[in-house]
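Biologist: I have a new model open on my screen and would like to learn how to read it. Could you walk me through it feature by feature?

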Amino acid sequence: RFAPIDSTMTELSEEFLKLLTGEFDLETIFHLVVQDRAVRRLGCVSLCLNLRWLDLSKNQIVAIDNVEALQCLQVMDLSSNQIRSVDSCVSKLVSLETLHLRDNKIAKLEDLQAVGTIPKLQYLSLRAVDGSGRNPVCDDPRYREFTLGKCPKLIALDSQRTKLPELQFDPADFAEPNLTLPEPESWLPDALGAEGFGEIFSAATIESTLKPHVDEFEKAMEECRKALSDNEALLKKAG
């Protein structure tokens, strides 16, 4: 159903979006994922009026713009881009509940002001729960208090519930453990004897292992044949 996409194409034009999704009408696109294609602007995404889920992570987007028409959008992932501020146009995203902005370039608290104007925003992330992929603004000691003050309806900030104490992570907890494992000991050859696997899979060994089961099966078959013969004899006598 889907046509192959030219990996060098980066402009989100009508033609590109239709080719990517296989849809003839942009208004029938509900779920759109365009990752790692060096996209710089949202382009014709604004024409996808019924879009519910938008993932443009791992690109080179520098600004959140031209999204006012996306009245049905519920989830937007713009992680790993080059965004430096949240534009006021996000206030028009009246259905947006989840916004991911991890691994961007947002450095000042005032550049986050606009997130407080998103009416239904419940989940916001500017860094991962372990602190990786953080925006520079996350290092500001006022960051969490400021963001929660702007967005009092948030259920979770940076994957942590807002009504619970903030989790603190030590980077050492995520380091690879330095383990010294003992050399494995060989045990199968000793258990099988000098011949090893060749002995256990030899024709003679297999035959001797299966013989009791074969004998039992043949005995059962002989009993069945005898029972059938007796029944036939009774039927003939009765007839």
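Modeller: We will go from the overall layout to single residues. Keep in mind that this is a predicted model.

Biologist: Let's begin with the layout. How many helices and strands does the protein have?

Modeller: There are five helices and seven strands. In sequence order they run α-β-β-β-β-β-α-β-β-α-α-α.

Biologist: And what share of the residues is buried?

Modeller: Of the 239 residues, 31% count as buried. The protein exposes about 15500 Å², and carbon and sulfur atoms supply 55% of that area. As for contacts between residues at least 6 apart in sequence, 38% of them join residues at least 24 apart.

Biologist: Now a single helix. Which residues of helix H1 are buried?

Modeller: H1 covers residues 14–21, and its buried residues are Phe16, Leu17, Leu20 and Thr21. They span an arc of only 110 degrees around the axis, which puts them on the same side of H1. What they pack against is strand S1, residues 31–33. After H1 comes glycine 22, with a positive phi near 80 degrees.

Biologist: I would like to understand salt bridges next. What is the general idea?

Modeller: Side chains of opposite charge can pair when their charged atoms come close. In this structure there are eight salt bridges. One of them is in H1, where glutamate 14 pairs with lysine 18. Their closest N and O atoms are 3.9 Å apart, and the two residues sit four apart in sequence, about one turn of the helix. Glutamate 14 is partly exposed because its relative accessibility is 37%, and lysine 18 is partly exposed at 30%.

Biologist: Where else does a pair sit four residues apart, about one turn of the helix?

Modeller: Look at helix H5, which holds both lysine 226 and aspartate 230. This salt bridge has its closest N and O atoms 3.3 Å apart. Lysine 226 is exposed, with a relative accessible area of 53%, whereas aspartate 230 is partly exposed at 38%.

Biologist: Which residue forms a salt bridge with aspartate 65?

Modeller: That partner is arginine 41, and the closest N and O atoms are 2.4 Å apart. Aspartate 65 is in the loop between strand S2 (53–55) and strand S3 (75–77), while arginine 41 is in the loop between S1 and S2, so the pair ties together parts that are 24 residues apart in sequence.

Biologist: Why does aspartate 65 count as buried?

Modeller: Its relative accessible area is 19%, and buried means under 20%.

Biologist: Let's turn to polar contacts. Which residue does the side chain of arginine 127 meet?

Modeller: The side chain of aspartate 158, in a polar contact of 3.2 Å. Arginine 127 belongs to the loop between strand S5 (123–125) and helix H2 (143–150). With a relative accessibility of 13%, arginine 127 counts as buried.

Biologist: Loops are where I get lost. What does asparagine 50 touch?

Modeller: Setting aside neighbours within four places in sequence, asparagine 50 contacts Glu27, Ile29, Phe30 and Cys72. A polar atom of the asparagine 50 side chain lies 2.8 Å from the backbone oxygen of glutamate 27. Asparagine 50 itself lies in the loop between S1 and S2 and is partly exposed, with a relative accessible area of 26%. Its C-alpha is 5.8 Å from that of phenylalanine 30, though the two are 20 residues apart along the chain.

Biologist: Could you show me one more loop residue?

Modeller: Try proline 119, in the loop between strand S4 (98–100) and S5. Its C-alpha lies 5.8 Å from that of valine 94, and the two residues are 25 apart in sequence. Not counting residues up to four places away in sequence, proline 119 touches Ser91, Leu93, Val94 and Lys153. At 36% relative accessibility, proline 119 is partly exposed.

Biologist: Finally, the surface. Which residues form a nonpolar patch there?

Modeller: Ile206, Leu210 and Val214 do, with about 240 Å² of accessible area together. Isoleucine 206 lies in helix H5, residues 203–238, and is partly exposed, with a relative accessible area of 40%.

Notes. Residues are numbered from 1 along each chain as its sequence is written. This is a predicted model: local features need pLDDT of at least 70, side-chain atom pairs count only at pLDDT 80 or more; totals for chains, interfaces and linings use all residues. Side-chain values use heavy atoms; hydrogens and water are left out. Patches are made of residues with over 30% relative accessible area and no salt bridge: like charges are joined within 9 Å, nonpolar side chains (Val, Leu, Ile, Met, Phe, Trp, Tyr) within 5 Å. Accessible areas come from the Shrake-Rupley method with a 1.4 Å probe; for residues, only the protein chains shown count as cover. A salt bridge is a side-chain nitrogen of Lys or Arg within 4 Å of a carboxyl oxygen of Asp or Glu. Buried means under 20% relative accessible area, exposed over 50%, partly exposed in between (1.4 Å probe, protein chains only). A polar contact is a pair of N or O atoms within 3.5 Å; within protein, one must be able to donate a hydrogen and the other to accept it, and residues adjacent in sequence count only if both atoms are side-chain atoms. The arc is that of the directions from the helix axis to the C-beta atoms. Contact means heavy atoms within 4.5 Å.
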